[in-house]
Amino acid sequence: MLTAVIQGKRRGTGLSGGGWDSSEAVGAEDILTATVFERLGYLPDDVFADFLDRLLGLDHPAGTLNEAEFWPMWSTGQRGVEPDVVLDCTERDILVEAKRRDGVPQQMAEQLARELTAGWNEGRLRPDTVLLAVGGHADEDDAVWELELRDAVDACLPRMDGGFELACRSWRQVFQALRLSVEAAQDEGGPLRRLLGDIAKVYDWHGVRLQAMRWLDGLEPLEVRAASFPRGLFAPDSGPVPPPMPEQPSATLRPLSRFDPPALTISAFPKITWSTTS
């Protein structure tokens, strides 16, 4: 179905009607979530466990996948909640709350706490649940932000609820962990590569980056060396041959980030009073 939708073949999918516009996919996190996590269920057990280890690095691993449940309807007792995905694994449960964008703070502590509370109230989550918040983080490398979000979620939970371990990951980190696991499985040209290709297509469809942003001050400086040719190399046979030029020092270019910022000065022009009287 994914290929049919991307290619605009939507008749029979329930999505037909109207013109095809890929920009309609922007902001639709549910299709992105389903496409990625549905395919995780097709991984062999050892590849799935390796993927979780690379992505989460848990001291107590979650094990292999028993079942993936999408958008279950739970209740806190006061209101209903609908987490995106629940991965029932052999050792631990993983509750996934996904947001569409990397680099934009969209995760909310109150929502995460309600989903944990509802899962525990209904007996759908074990006490040592892993809370995986995918996307919706200002900076994927900001450990302080992750600690602050964890404390905020903890503050929203009633005391009788179970414990949890929070993992904040970007969509890019999910893809990179899966790519490394597929490469480690030595599945060159096999089904795992095709599965990874499907996910890369939907990332491209939604405008999600597969590589981290690189900024100007983080680029390696380039060195360009200038070579000088001796004079007379192409001189006619007749006539004096000029002496060779002394060897010129090599020129090194500096990266743009190392130049001093330009200073601008503002000059005030003197006021001139014009008069028509003589």
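**Figure 1. The whole chain, element by element.** Helices (H or I, at least four residues) and strands (E, at least two) are taken here as DSSP runs, numbered from the N terminus. Counted that way, the chain has seven helices and seven strands. Read along the sequence, they follow the pattern α-α-α-β-β-β-β-β-α-β-α-β-α-α. This is a predicted model, so local features need pLDDT of at least 70 and side-chain atom pairs count only at pLDDT 80 or more, while totals for chains, interfaces and linings use all residues. Residues are numbered from 1 along each chain as its sequence is written, and side-chain values use heavy atoms, with hydrogens and water left out. Of the 278 residues, 35% count as buried (under 20% relative accessible area; exposed is over 50%, partly exposed in between; 1.4 Å probe, protein chains only). Take contacts (heavy atoms within 4.5 Å) between residues at least 6 apart in sequence: 69% of these join residues at least 24 apart.

**Figure 2. A look into the largest nonpolar core.** A nonpolar core here is a set of buried Ala, Val, Leu, Ile, Met, Phe, Trp, Tyr and Cys residues joined through side-chain atoms within 4.5 Å. The largest one has 37 residues, and Phe37, Leu56, Ile94, Trp171, Leu178 and Tyr203 have the most contacts inside it. Two or more residues apiece come from α2 (29–40), α3 (45–56), β4 (85–89), β5 (93–98), β6 (128–134), α6 (171–184) and α7 (191–206). Helix α7 chips in the most, with seven residues. Zoom in on Leu178 and, not counting residues up to four places away in sequence, you'll find it touching Leu40, Leu43, Phe51, Leu195, Leu196 and Ile199. Apart from the largest core lies another, of 20 residues, including Leu95, Leu112, Leu131 and Phe164. As a rule, nonpolar side chains in soluble globular proteins tend to be buried together.

**Figure 3. Helices α6 and α7 side by side.** Their axes come within 10 Å and cross at roughly 165° (axes are lines fitted to C-alpha atoms, for helices over the stretch in contact, and angles run from 0 to 180 degrees between N-to-C directions). The two helices are therefore roughly antiparallel (over 145 degrees; under 35 is roughly parallel, 65 to 115 roughly perpendicular, and the rest oblique). The crossing of α6 and α7 is left-handed, that is, the near helix is turned anticlockwise from the far one by less than a right angle; clockwise would be right-handed. On the α6 side, the contact uses Trp171, Arg172, Val174, Phe175, Leu178, Arg179, Val182 and Glu183; α7 answers with Leu192, Arg193, Leu195, Leu196, Ile199, Ala200 and Tyr203. By class, that's eleven nonpolar, no polar and four charged residues (Ala, Val, Leu, Ile, Met, Phe, Trp, Tyr, Cys and Pro count as nonpolar, Asp, Glu, Lys and Arg as charged, and the others, Gly among them, as polar).

**Figure 4. Helix α2 against α6.** Here the axes are 13 Å apart and the angle is about 25°, which makes α2 roughly parallel to α6. The crossing is left-handed. Leu32, Thr33, Val36, Phe37 and Leu40 of α2 meet Trp171, Val174 and Leu178 of α6. The tally for this contact is seven nonpolar, one polar and no charged residues.

**Figure 5. Helices α4 and α5 crossing.** The axes of α4 (residues 109–121) and α5 (residues 143–156) come within 8 Å and cross at roughly 55°, which makes α4 oblique to α5. This crossing is right-handed. Ala109, Glu110, Leu112, Ala113 and Leu116 of α4 make the contact with Leu149, Ala152, Val153 and Cys156 of α5. Sorted by class, the contact has eight nonpolar residues, no polar ones and one charged.

**Figure 6. Close-up of Thr129.** Thr129 sits in strand β6 and is buried, with a relative accessible area of 0%. Phe164 is 35 residues away from Thr129 in sequence, yet their C-alphas are 4.9 Å apart. Leaving aside neighbours within four places in sequence, Thr129 contacts Arg92, Asp93, Leu95, Leu116, Trp120, Gly163, Phe164 and Glu165.

**Figure 7. Close-up of Ala138.** Ala138 belongs to the loop between β6 and α5 and is partly exposed, at 40% relative accessible area. With neighbours within four places in sequence set aside, Ala138 is in contact with Gly103, Val104 and Pro105. Gln107 lies 31 residues from Ala138 in sequence and 9.6 Å away in space, C-alpha to C-alpha.
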